Amino acid sequence: MSPIIAPSILAADFANIQREVEMLNSSAADYIHVDIMDGVFVPNISFGIPVTEAIHRYAKKPLDVHLMIVNPDNYLEAFRKAGAEVISVHYEACDHLHRSLQAIANLGAKAGVAINPHTPVELLTDVIQDIDQVIIMSVNPGFGGQKFIENTYSKVSRLKDLILAKGAKTKIEIDGGVNIHNAPNLLAAGADILVAGSFVFNSLNPAQTISELKEISLI
Ligand code: DX5
Ligand code: ZN
């Protein structure tokens with residue numbers, strides 16, 4: 001089975017966002033990963049609801065919205081209306097994670113939870129059945145182009161074991177520093193979805209790079 005590929009628009013040319021989205025439309029990408037940073041939860045600000053709407057206006061692939069913000073409950077409906085099909089909140093930003101997951105599901109979106117590098121996957125044991133996807137952060141969130149954290153492999157296999165033990169259908173997404181070299185090992189450990197920002201958009205031919213990621217197969 002080939003991986004689900006979610007290029008991160010954060011690494012795209014924002015001055016030519018329509019052209020970038022159209023490139024993704026005609027590529028082998030499955031999702032468009034949209035990184036929302038508030039300058040509070042993470043030490044960087046990206047963009048918000050109007051830009052997400054603008055991306056959605058041209059997108060023919062589902063928007064996978066990654067909320068790196070405090071108080072995400074206050075913005076779930078706005079991002080759903082802006083076109084998000086998958087909405088992921090951070091474990092570390094939610095006091096009532098179960099409630100946040102229910103709220104996302106009630107909006108008709110897929111519910112995701114992102115976990116920072118220091119957060120053990122075992123903390124999701126009692127909500128795993130309610131999560132459509134877990135984003136394992138393989139860098140500290142806030143910036144594209146960072147170095148992949150090697151401990152991620154162990155987190156992926158432990159999360160895969162947890163999902164199987166609970167009979168859940170949760171998918172595992174990896175976000176940060178993903179490239180053609182670490183992708184095969186991530187898939188072998190149990191990853192389903194690969195986010196790639198700089199590796200795709202800094203390459204000479206982003207559409208071809210997406211195809212190369214998509215064509216990785218497990219031996
Ligand atoms: C990091 C973001 C990532 C980022 C990935 O905070 O959540 O989605 O855009 O970019 P690369 O692939 O360059 O690490
Ligand atoms: Zn992200």
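Visitor: Where is N25 found?
Guide: Happy to start there! This is a predicted model, and in it you can follow the chain into one of its helices to meet N25. The residue is found in helix α1.

Visitor: Does N25 count as buried or exposed?
Guide: Buried means under 20% relative accessible area. N25 has 16% relative accessibility, so N25 counts as buried.

Visitor: Which residues is N25 in contact with, leaving aside its neighbours within four places in sequence?
Guide: Neighbours within four places are left aside here, and what remains is a short stretch further along the chain. The contacts of N25 are Y58, A59, K60 and K61.

Visitor: Which residues of helix α2 are buried?
Guide: Helix α2 covers residues 49–58. One of its buried residues is T52, with a relative accessible area of 0%. The full set of buried residues in α2 is T52, A54 and I55.

Visitor: Within what arc do the buried residues of α2 fall, seen down the axis?
Guide: An α-helix has 3.6 residues a turn, so residues three or four places apart point the same way. The buried residues of α2 line one face of the helix. On the other side of α2, P50 and R57 are exposed. Seen down the axis, the buried residues fall within an arc of 160°.

Visitor: What do the buried residues of α2 pack against?
Guide: Take T52, which is in helix α2. Not counting residues up to four places away in sequence, T52 touches V34, I36, F47, L63, V65, F79 and A82. For the buried residues of α2 together, the packing partners are α1, β2, β3 and α3.

Visitor: Which residue has a positive phi although it is not a glycine?
Guide: Look in the loop between β3 and α3, where this residue is found. Its phi is about 50°. The residue is N71.

Visitor: What arc do the buried residues of α8 cover around the axis?
Guide: Helix α8 spans residues 206–214, and its buried residues are P206, T209, I210, L213 and K214. They sit on the same side of α8, because the arc they cover around the axis is only 140°.

Visitor: What covers the buried residues of α8?
Guide: Both helices and strands take part in the cover. It includes β1, α1, α6, β8 and α7.

Visitor: Is L101 buried or exposed?
Guide: You will find L101 in helix α4, residues 97–106. Leaving aside neighbours within four places in sequence, L101 is in contact with A111, G112, V113, V127, D130 and I131. Its relative accessibility is 1%, so L101 counts as buried.

Visitor: What distance separates the C-alpha atoms of V86 and E150?
Guide: V86 lies in strand β4 and is buried, with a relative accessible area of 2%. V86 touches Y31, L63, D64, V65, K110 and Q133, not counting residues up to four places away in sequence. E150 and V86 are 64 residues apart along the chain, and their C-alpha atoms are separated by 26 Å.

Visitor: How much space lies in the largest pocket, and which residues are the closest to its centre?
Guide: The space in the largest pocket is about 280 Å³. A total of 26 residues line this pocket. The closest to its centre are G144, G145, D175, G176 and G177.

Visitor: How do the residues of the lining of the largest pocket divide?
Guide: Each of β2, β8 and α7 supplies at least two residues of the lining. Sorted by type, the lining has 12 nonpolar, 11 polar and three charged residues.

Visitor: Which side chain does the side chain of D175 make a polar contact with?
Guide: D175 lies in strand β7, residues 171–175, and is buried, with a relative accessible area of 8%. Leaving aside neighbours within four places in sequence, its contacts include H33, D35, H66 and V195. The polar contact of the D175 side chain, at 3.2 Å, is with the side chain of H33.

Visitor: What separation is there between the C-alpha atoms of D175 and G197?
Guide: Along the chain, D175 and G197 are 22 residues apart. In space, their C-alpha atoms are separated by 8.9 Å.

Note on methods. Residues are numbered from 1 along each chain as its sequence is written. Chains are lettered from A and ligands numbered from 1 in the order in which they are written. This is a predicted model: local features need pLDDT of at least 70, side-chain atom pairs count only at pLDDT 80 or more; totals for chains, interfaces and linings use all residues. Side-chain values use heavy atoms; hydrogens and water are left out. Helices (H or I, at least four residues) and strands (E, at least two) are DSSP runs, numbered from the N terminus. Buried means under 20% relative accessible area, exposed over 50%, partly exposed in between (1.4 Å probe, protein chains only). Contact means heavy atoms within 4.5 Å. A polar contact is a pair of N or O atoms within 3.5 Å; within protein, one must be able to donate a hydrogen and the other to accept it, and residues adjacent in sequence count only if both atoms are side-chain atoms. On a 1 Å grid over the protein atoms alone, a cavity is a set of points where a 1.4 Å probe fits but cannot get out, and a pocket is an open set with protein on both sides within 12 Å along at least five of seven lines; lining residues have an atom within 4 Å of a point. Grid points are joined across faces, edges and corners, and a volume is the space filled by probe spheres set on the points. Ala, Val, Leu, Ile, Met, Phe, Trp, Tyr, Cys and Pro count as nonpolar, Asp, Glu, Lys and Arg as charged, and the others, Gly among them, as polar. The arc is that of the directions from the helix axis to the C-beta atoms.
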